[in-house]
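This report goes through a structure of more than one chain, with its ligands, contacts and backbone. Please look at the sequence and the model before reading on.

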Amino acid sequence: MAKLKFAFYWAATCGGCEEAVVDINEKILDVVNLADIVFWPVALDFKYSHIKAMEDKSIDVCFFNGAIRNEENEQMACLLRQKTRVMVAFGACACFGGIPGLANFTNAEAIFKRVYQETPSTHNPEAVVPQEDFETEEGRLNLPRFYDTVKRLRDVIEVEYFLPGCPPPAELILAAVTAIAENKLPPVGATIAGAKTLCDECDREKDKKVVTEFKRPYEIIPDTRKCLLEQGIICAGPATRAGCGQRCINANMGCRGCFGPPEGVIDQGAALLSALSSICEIKDESELKKIKPLILDPAGLVYRFSLPDSLLKSKRSVISG
Amino acid sequence: MNNFEPKIVGFLCNWCSYRGADLAGTSRLTYAPNLRVIRVMCSGRIEPLFVIKAFKEGADGVLICGCHPGDCHYSEGNYKVMRRVPPLKKMLEQFGIEPERLRVEWVSAAEGERFAEIVNDFTRKISELGPIK
Ligand code: SF4
Ligand code: SF4
Ligand code: SF4
Ligand code: FES
């Protein structure tokens with residue numbers, strides 16, 4: 001059998017997803033036995049021209065990590081789409097917008113102001129900010145346009161499969177690669193993970209339905225056998241897709257939601273807000289302090305990885321673009 | 001003066017509030033026509049998603065009505081919605097939606113007149129706020 005052709009690309013990313021690929025350790029050799037890596041900017045030297053020169057649909061699978069933050073991210077997504085048969089949104093940022101997606105509570109102008117003028121470590125008396133178009137002695141310089149909002153990969157191109165997680169765990173990456181190699185991929189559009197909620201898989205003891213207050217993780221040492229939520233530790237398990245192997249729960253930490261919404265849930269944050277607020281007993285406004293970890297920044301908490309994937313997508317005054 | 005007519009979505013529980021609204025109707029009370037009523041079995045059924053979706057689809061205000069505390073037909077549905085609202089309001093504010101655009105009221109089956117007053121008052125307040133951004 002001819003070797004498959006794989007591409008790895010990073011858009012608005014932290015680099016952790018690239019690290020996750022390397023973290024499959026010696027198994028990377030199995031991948032290399034199976035496929036030629038024809039494009040992987042983080043590890044090997046490639047130029048745009050290399051990929052432009054490839055024939056359309058000549059890449060079998062492209063693993064695309066990172067969100068769409070600027071014009072270049074979008075152009076590369078379109079170009080790779082043209083060259084690729086099977087596009088995989090790799091990691092929470094590509095699937096749901098991820099952590100960079102939290103920037104949708106603000107806009108490009110405010111971000112530039114903060115970063116280039118206001119941060120305490122910035123000294124920029126002439127208020128120099130990057131320009132999209134700039135004339136120098138050596139010639140004209142162009143930078144890609146920085147968008148007002150962060151988008152998911154599927155907002156700019158068609159995506160065949162979703163591999164969630166921040167970053168996706170090694171076992172899931174290998175499961176996806178194996179399914180590709182054995183030609184046993186699920187139906188197009190599928191998420192390569194569980195379908196139900198993390199709570200469904202979690203074997204911690206659950207009993208009471210009501211908690212009397214939410215605590216910050218440093219305030220208690222949670223019992224490792226009991227449900228974290230019932231101990232007052234915020235856990236996104238009720239509104240998060242299963243399949244990570246309960247990474248955080250096993251470390252005695254509440255889930256942060258990096259696998260996105262379970263099958264059939266259209267808005268992870270709304271579902272999580274509902275779950276968290278319904279179980280915490282408060283009788284009136286004076287008791288709000290008991291749910292402080294929830295009330296301080298509810299949107300940031302429940303949409304930590306999925307704001308661009310939510311119904312509202314961004315703060316209302318931020319025009320998408 | 002503007003002639004802005006706000007669109008208000010009302011989620012009314014079947015057992016008290018919807019009957020209260022019915023009473024307002026059968027008593028032939030005149031009140032603001034801006035409310036689009038959606039009947040739910042219990043106010044406890046109203047999830048943050050419903051409210052978010054209403055705003056997303058263009059509502060300028062959302063009114064949630066349930067039985068008075070202690071009177072819920074399913075005993076504590078209204079306590080559930082009571083718990084959901086404060087974080088939801090805070091979250092709406094983070095999305096740039098004024099928290100006053102969401103209001104919760106307890107209306108019994110006998111309070112037709114009060115229901116009409118609430119709708120009038122809420123419609124006036126939302127008119128002052130203007131259309132949602
Ligand atoms: S999903 Fe997580 S690890 Fe991957 S790029 Fe985004 S922030 Fe980094
Ligand atoms: S809330 Fe968290 S700890 Fe509790 S069952 Fe669900 S995943 Fe497990
Ligand atoms: S427990 Fe939650 S946050 Fe942690 S890896 Fe799993 S899905 Fe992600
Ligand atoms: S039935 Fe009216 S609030 Fe539950």
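A salt bridge is a side-chain nitrogen of Lys or Arg within 4 Å of a carboxyl oxygen of Asp or Glu. By this rule, 24 salt bridges are counted over all chains. The model is predicted, and side-chain atom pairs count only at pLDDT 80 or more.

One of the salt bridges joins D121(B) and R103(B), whose closest N and O atoms are 2.9 Å apart. D121(B) belongs to helix α4 (residues 112-129) of chain B and R103(B) to strand β4 (residues 102-106) of chain B, so this pair ties together parts that are 18 residues apart in sequence.

**Where the two chains meet**

How many salt bridges are there between chain B and chain A? The count is 0 salt bridges. Polar contacts give another count: between chain B and chain A there are 8 residue pairs in polar contact, with both residues at pLDDT 80 or more. On the side of chain B that touches chain A, α2 (48-56) and α3 (77-94) of chain B each supply at least two residues. The largest share, 10 residues, comes from α3(B). By class, this side of chain B divides into 10 nonpolar, 2 polar and 8 charged residues.

In terms of contact, 20 residues of chain B meet 31 residues of chain A. About 2300 Å² is buried between chain B and chain A, and carbon and sulfur atoms give 72% of that area. R83(B), Q94(B) and F95(B) supply 33% of the area that chain B buries against chain A, more than any other three residues.

**Two ligand shells in chain A**

The residues around ligand 1 are T13(A), C14(A), G16(A), C17(A), G91(A), A92(A), C93(A), G165(A), C166(A) and P167(A). Two helices of chain A, α1 (16-22) and α5 (92-96), each give at least two residues to this shell. Ligand 3 is surrounded by L198(A), T240(A), C244(A), R247(A), C248(A), C255(A), R256(A), G257(A), C258(A) and F259(A). The table sets out the classes of residue in the two shells.

| Shell | Nonpolar | Polar | Charged |
|---|---|---|---|
| Ligand 1 | 6 residues | 4 residues | no residues |
| Ligand 3 | 6 residues | 2 residues | 2 residues |

**Backbone details in chain A**

P167(A), one of the residues around ligand 1, also takes part in a cis peptide bond. The bond runs from C166(A) to P167(A), with omega near -10 degrees. P167(A) is in the loop between β9 (161-163) and α7 (170-181) of chain A.

Another loop of chain A, between α6 and β6 (133-136), holds A127(A). What is the phi of A127(A)? Phi is near 50 degrees, a positive value in a residue other than glycine.

**Aromatic pairs**

A pair of aromatic rings is described by the distance of the centres and the angle of the planes. Over all chains, the search of the whole structure finds 13 aromatic pairs. One of them is formed by F112(A) and Y116(A), with 5.5 Å centre to centre and 55 degrees between the planes, and this pair is tilted. F112(A) and Y116(A) are separated by about one helical turn, because they are 4 residues apart in helix α6 (residues 108-118) of chain A.

Notes:
Residues numbered from 1 in each chain as written. Chains lettered and ligands numbered in written order. Predicted model: local features only at pLDDT ≥ 70, side-chain atom pairs only at ≥ 80, totals over all residues. Heavy atoms only, no water. Near = heavy atom within 4 Å. Nonpolar A, V, L, I, M, F, W, Y, C, P; charged D, E, K, R; others polar. Contact = heavy atoms within 4.5 Å. Buried area = accessible area lost by both parts, 1.4 Å probe. Polar contact = N/O pair within 3.5 Å; in protein donor to acceptor, adjacent residues only side chain to side chain. Phe/Tyr/Trp six-rings, centres within 6.5 Å; stacked < 30°, edge-to-face > 60°.
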